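Visitor: Please take me through one part of this model in detail. I would like the surroundings of the bound ligands, and the elements that build them.

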Amino acid sequence: MRNHDWTIDQNWQAYTPEQHQVWKTLYERQTKLLPGRACDEFVAGMRELPIAADRIPNFEELSEVLMRHTGWQVVAVPGLVPDEVFFEHLANRRFPSGQFIRGAHQLDYLQEPDVFHDVFGHVPLLMHPVIADYIQAYGAGGMRAKELGVLDLLARVYWYTVEFGLVEQRDGLRLYGAGIVSSYTESIFALDDSSPNRVRFDLERVMRTRYRIDDFQETYFVIRNLEELLSLAHTDFAPLYDRVQGQSELEPGMILPQDSVLSRGTSHYHHPTLRKNNGRLV
Ligand SMILES: C[C@H](O)[C@H](O)[C@H]1CNc2nc(N)[nH]c(=O)c2N1
Ligand SMILES: N[C@@H](Cc1ccccc1)C(=O)O
Ligand SMILES: [Fe+2]
């Protein structure tokens, strides 16, 4: 039964051997891919958490470690929850994770966030103090944006950072967005030399940019380091919302003359093998 805040019991004992096996398949495939692709903070967080190949992680065990490091918890939800419920959890340092796991026939794409996307993709970075604070601030900002009727503008900031962000590190571009690090095909696509556009992150530009939930991103926005996100958390978005609402929306693959372009994609339609898998997770 669901509680008033949409949480449910993870009911860990009820996962079947087949479900643990799906986790294992996804975990092993992704873990091989991430060295040299995922950012250092993701790798460090993963190392310190009770997340392993053999079984779906237990949220109480995750919460215990997270709580010690950054004061976060993981709570189970049945799937997507209403915006205001989602924000209320984040603002209180509770990360709502899908309880269910995708079936063996849908390893590469599903509509709703499951335990693999949420735990493998999001939880490692919640071990980092900067991301811990950023996502909490997003929860609080979400409540404000909802009241102002500008949630679509704020949601784009989350999408192009927490879900699909790239960061520059010592040895090159790295992934930090959970939608990428939890997707086999998109974690290749996003760093591929020739496929997508990569543009320096600019807050108002991102707020204007629509996104697609059912295919690889045509454009990724690149930050210099994770600390850059904290300055967003501390910026008052209200005046920006006013300004951006007066401007036109931008299509996902568009490049503007004023953009700082790191690389210009040849468009993913040139990528038949990756595209075939349609490998994005929401
Ligand atoms: C805008 C907002 O971030 C988004 O729509 C919310 C809604 N509810 C959700 N619910 C869950 N479980 N996970 C999510 O990522 C979201 N995203
Ligand atoms: N600082 C934003 C909220 C926010 C926090 C973190 C990420 C994105 C947005 C505001 O004033 O509403
Ligand atoms: Fe997500």
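Guide: Two helices, α4 (83-91) and α7 (151-163), each supply at least two residues of the shell around ligand 1. The model is predicted. α7 gives the most to the shell around ligand 1, with three residues. The full set around ligand 1 is V77, L80, V81, D83, F86, P96, P113, L151, A155 and Y158. By class, nine residues of the shell around ligand 1 are nonpolar, none is polar and one is charged.

Just past α4 there is a backbone detail. R93 is found in the loop between α4 and β2 (94-98). Its phi is near 55°, a positive value in a residue other than glycine. R93 counts as partly exposed because it has 18 C-beta neighbours inside 10 Å, between the limits of 12 for exposed and 20 for buried.

Now ligand 2. Its shell draws at least two residues from each of α6, α7 and α11. α6 gives the most to the shell around ligand 2, with five residues. The residues around ligand 2 are Y134, A137, Y138, G141, R144, L154, V157, L232, A233, T235, D236 and F237. They divide into eight nonpolar, two polar and two charged.

Helix α6 deserves its own look. It covers residues 129-148, and its end C-alpha atoms are 29 Å apart. At 1.5 Å a residue, its 20 residues should span 28 Å, so the two values agree. The buried residues of α6 are I131, Y134, I135, Q136, Y138, G141, G142 and A145. Y134, Y138 and G141 are buried in α6, and these residues are also found around ligand 2. What covers the buried residues of α6 includes α4, α7 and α11 (227-233). Just after α6, G149 takes a positive phi of about 75°.

Next, α7. Its buried residues are L153, L154, R156, V157, W159, Y160, T161, V162 and E163. L154 and V157 are buried in α7 and are found around ligand 2. The cover over the buried residues of α7 includes α6, α8 (178-181), α10 (203-207), β6 (219-223), α11 and α12.

Then the core. The largest nonpolar core holds 58 residues, of which W23, F116, V119, L126, I135, L175 and Y176 touch the most other members. α7 gives the most to this core, with six residues. In soluble globular proteins, nonpolar side chains tend to be buried together. I135 is one of the buried residues of α6.

L175 leads to a hairpin. Strands β3 (residues 166-169) and β4 (residues 172-175) pair in the antiparallel sense over four bridges. Two residues make the hairpin connection from β3 to β4. Q169 has G172 of β4 as its bridge partner. Not counting residues up to four places away in sequence, L175 touches R37, A38, C39, L166, I180, V181, S187, A190 and L191.

Finally, α12, which is part of the cover over α7. R243 is found in helix α12 (residues 238-245). R243 is exposed because 11 other C-beta atoms lie within 10 Å, and the limit for exposed is 12 or fewer. R243 and E204 are 39 residues apart in sequence, yet 8.6 Å apart in space, C-alpha to C-alpha.

Key:
Residues numbered from 1 in each chain as written. Chains lettered and ligands numbered in written order. Predicted model: local features only at pLDDT ≥ 70, side-chain atom pairs only at ≥ 80, totals over all residues. Near = placed C-beta within 6 Å. Nonpolar A, V, L, I, M, F, W, Y, C, P; charged D, E, K, R; others polar. Pairing = 2+ DSSP bridges. Expected span 1.5 Å × (residues − 1). Contact = placed C-beta atoms within 7 Å. Core = buried A, V, L, I, M, F, W, Y, C linked by C-beta atoms within 7 Å.
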